[in-house]
Structures are given as C-alpha cells and as structure tokens.
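Visitor: Please give me a close look at one buried lysine, and then go on from that residue to the parts of the fold around it.

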Amino acid sequence: MSSPSVTPTFVASDYFKFFGAGALAALATHGAATPIDVVKTRIQVDDAMKGLNMIKAGRQIVAKEGAAALLTGFGPTATGYFIQGGGKFAGYEYFKKKFIDLTGSQEKATQHRTAIYLGASATAEFFADIALCPLEATRIRLVSQRGFASGLTTGFMRLAREEGLRGFYSGFIPLIAKQVPYAVGQFSVHEAAVEVIYRSMGSERKANLTQLGITGVELSSGVVAGIAAAILSHPADTLLSAINKGAGDTSQGVTSRMFSLAREFGPKRLMLTGLGPRIVMTCGLVAGQFVIYAQCKALVGAPPGIEIHKESSLK
C-alpha cells in the first residue's frame with residue numbers, strides 16, 4: 001500500500017498550465033535577449049573580438065553586417081526556449097512534488113529542502129535539454145558561422161542533411177554541463193532568496209502582500225538567482241559555443257574535446273571572457289522569467305507552487 005501524498009494533488013491540466021506559463025516566460029525573455037546573446041557568443045568564439053566589451057563588439061557587428069545581424073538565430077532561440085522553458089518549469093513543479101512526497105512528511109521535506117531544489121531542477125533541466133539541443137545547435141551555428149543559413153528552417157535542415165543526429169547532439173554533454181548548473185542556480189538560489197525575503201518581512205506582512213509586492217519579491221530574488229546561474233554555467237557556455245562552431249579536434253569524442261578546449265582556453269578565458277555581458281543577460285532572463293511565470297500562472301488559474309521554506313532559519 002502506497003504512503004499518502006504529502007503534497008496537494010496536481011492533475012494533467014495543472015502541469016499543462018505550468019508548461020504554458022514557463023514556455024511564455026522563456027519565449028519572451030530569451031527572444032528579447034537575442035541581440036545580447038549574439039554579441040556574447042561572438043565575443044566567446046570570434047578571435048577578432050577577444051577583449052572587446054559588449055558595446056564595442058555590438059557596434060562592430062552592426063558596422064560590418066548591419067543591425068539585422070543582432071537578430072541572428074532568433075527563430076531557433078524562440079522555438080527552442082519555448083519548448084525548453086515549458087519543460088523546465090513544469091518539470092521542476094513535477095519533480096519537486098515527487099521528491100517532497102518521497103520524504104514522507106512536510107517536516108522532513110523542509111529539513112532537506114536544498115537537496116530537493118537541487119534534484120528537482122537538475123532532473124527537469126536534463127529532460128528539457130533533450131528537446132532543446134538540436135535547436136540550440138542550429139542557433140549557435142547561425143550566430144557563429146556567418147552565411148551558414150538564412151534562418152531556422154534552412155539552418156535546421158542543412159545541419160540535419162550534412163551532419164544528422166551527431167550534428168544536433170554533438171554539444172549535448174556541454175549543453176547539460178551548461179544548462180544543469182544554470183537551472184540549479186536559477187531555482188535553488190531563487191528559492192533561498194524568496195525564503196530570506198519572506199522570513200524578513202514576517203508571516204502577517206507576507207499574507208497581505210499585493211500583486212505588486214509579490215512581483216517585487218520575484219524580481220529581486222530573480223536577480224540574485226540570475227547572478228548565480230550565470231557564474232555557474234559560464235565555463236560550459238563558452239565551450240558549447242566553441243564546439244558548435246567546430247573548434248577542437250573533431251575526431252575526438254565530445255568529452256575529450258571539451259577537456260582539450262578547456263586546456264587550450266585556460267581558466268581565465270573559460271570563466272571570465274564574456275562573463276560581464278552574460279551576467280547582465282542572465283539577470284534579466286531569470287528575473288523576467290520568474291515574474292512572467294508568476295503572472296501567467298495567476299492569469300490561467302494554475303495552483304501555486306509548493307512551499308517548503310523554513311520560517312525561522314536557513315540551517
């Protein structure tokens with residue numbers, strides 16, 4: 001006989017609402033950030049732009065290729081992150097609930113909340129990345145190899161025709177290395193920041209928060225989470241951009257290729273090159289996603305996320 005659920009029951013329609021809200025949040029934020037991502041990717045993979053800041057690199061791209069170049073890869077970005085965002089947010093709600101139920105009680109779940117946040121975010125991101133990887137490979141190829149294709153459909157078809165599944169998933173391991181730390185930083189740090197904010201204001205004030213106040217909490221905690229997500233995922237993001245451009249010894253396996261490129265780039269380039277623009281972009285992405293996700297959930301009547309915050313301490 002199975003043990004009773006510790007958490008409220010979520011039905012399929014609830015997860016559909018979570019998926020829709022997460023998909024719209026990711027689509028809006030990643031789509032708007034396309035120009036920043038184009039500049040960041042060029043700084044990472046184009047030797048001619050090494051050492052340039054975001055503004056100088058952006059001006060150089062516009063001067064040589066026109067303003068439209070800043071929207072390169074918008075199609076796969078929008079499509080890929082629509083699917084990935086929906087899967088990530090809905091998956092986080094699903095696995096968080098499952099892991100809480102596995103603990104057997106609300107008290108044990110609260111005690112082990114950090115492990116639950118880490119496990120739920122990492123698991124949800126892994127499955128979301130299976131869908132994201134082909135579109136992310138297409139996007140990076142469009143951005144890093146000028147003239148590769150005219151857009152999403154032609155780029156996707158060319159990559160499929162010339163390289164097949166290997167081309168789509170050659171960057172899967174580095175994508176996981178990038179996106180899983182990103183998601184772990186995004187969700188775990190967001191949960192911790194929300195806990196600190198709500199604990200500091202007290203239960204009575206929390207209960208009486210207006211929608212504007214809730215938005216402020218999501219925005220401020222999202223900024224903190226965005227900084228963590230950017231720092232944790234940046235080394236793998238640099239490697240992913242390089243591998244999808246074709247850097248390194250293509251006869252090597254992906255893992256060996258990652259280590260070879262990491263040695264070639266060195267710690268400074270891996271951890272610091274392009275990090276400033278990435279932090280700016282990621283803070284906007286993460287904060288924006290949490291705000292939009294909360295608003296969309298409220299609009300469609302989705303149930304609130306399950307809280308296992310500890311009111312008295314963060315031990």
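Guide: K97 is buried, since its relative accessible area is 8% and buried means under 20% (1.4 Å probe, protein chains only). The model is predicted, so local features need pLDDT of at least 70 and side-chain atom pairs pLDDT 80 or more, while totals for chains, interfaces and linings use all residues. Residues are numbered from 1 along each chain as its sequence is written, and side-chain values use heavy atoms, without hydrogens or water.

K97 sits in helix α4 (a DSSP run of H or I, at least four residues, numbered from the N terminus). A polar atom of the K97 side chain lies 2.7 Å from the backbone oxygen of P8. Apart from neighbours within four places in sequence, K97 has contacts (heavy atoms within 4.5 Å) with S5, T7, P8, T9, F10, Y15 and I306.

Helix α4, which spans 74–103, is one of the helices that each give at least two residues to the lining of the largest pocket; the others are α8 (172–201), α10 (211–245) and α12 (275–300). A pocket is an open set of points on a 1 Å grid, with protein on both sides within 12 Å along at least five of seven lines; lining residues have an atom within 4 Å of a point. The volume of the largest pocket is about 680 Å³, counted as the space filled by probe spheres set on the points. It is lined by 26 residues, and E218, K297, P304, G305 and E307 are the closest to its centre. Sorted by class, the lining of this pocket holds 15 nonpolar, four polar and seven charged residues. Asp, Glu, Lys and Arg count as charged, and Ala, Val, Leu, Ile, Met, Phe, Trp, Tyr, Cys and Pro as nonpolar.

Helix α4 also takes part in the packing. The largest nonpolar core (buried Ala, Val, Leu, Ile, Met, Phe, Trp, Tyr and Cys joined through side-chain atoms within 4.5 Å) has 30 residues, and F18, Y92, I100, F187, Y293 and I308 have the most contacts inside it. At least two residues of this core come from each of α1 (12–32), α4, α6 (113–144), α8, α10 and α12. Helix α12 gives the largest share, six residues. Y92, one of the core residues with the most contacts, touches G87, Y117, A120, S121, A124, F187 and E191, with neighbours up to four places away left out. There is also a second, separate core of eleven residues, with A26, Y81, L175 and L240 among them.

Helix α10, a contributor to both the pocket lining and the largest core, contains V217. V217 counts as buried because its relative accessible area is 4%. Beyond four places in sequence, the residues in contact with V217 are V194, I197, Y198, M201 and L209. Of these, Y198 is 19 residues from V217 in sequence, with 8.4 Å between the C-alpha atoms.

A charged side chain in another helix can be set beside K97. R42 belongs to helix α2, residues 34–45, and counts as buried because its relative accessibility is 2%. Leaving out residues up to four places away, R42 touches M49, I61, E65, V143 and R146.

Key
1 Å grid on protein atoms, 1.4 Å probe; cavity = no way out; pocket = protein on both sides within 12 Å on 5 of 7 lines; lining within 4 Å. Buried < 20%, exposed > 50% of the residue type's maximum accessible area, 1.4 Å probe, protein only. Polar contact = N/O pair within 3.5 Å; in protein donor to acceptor, adjacent residues only side chain to side chain.
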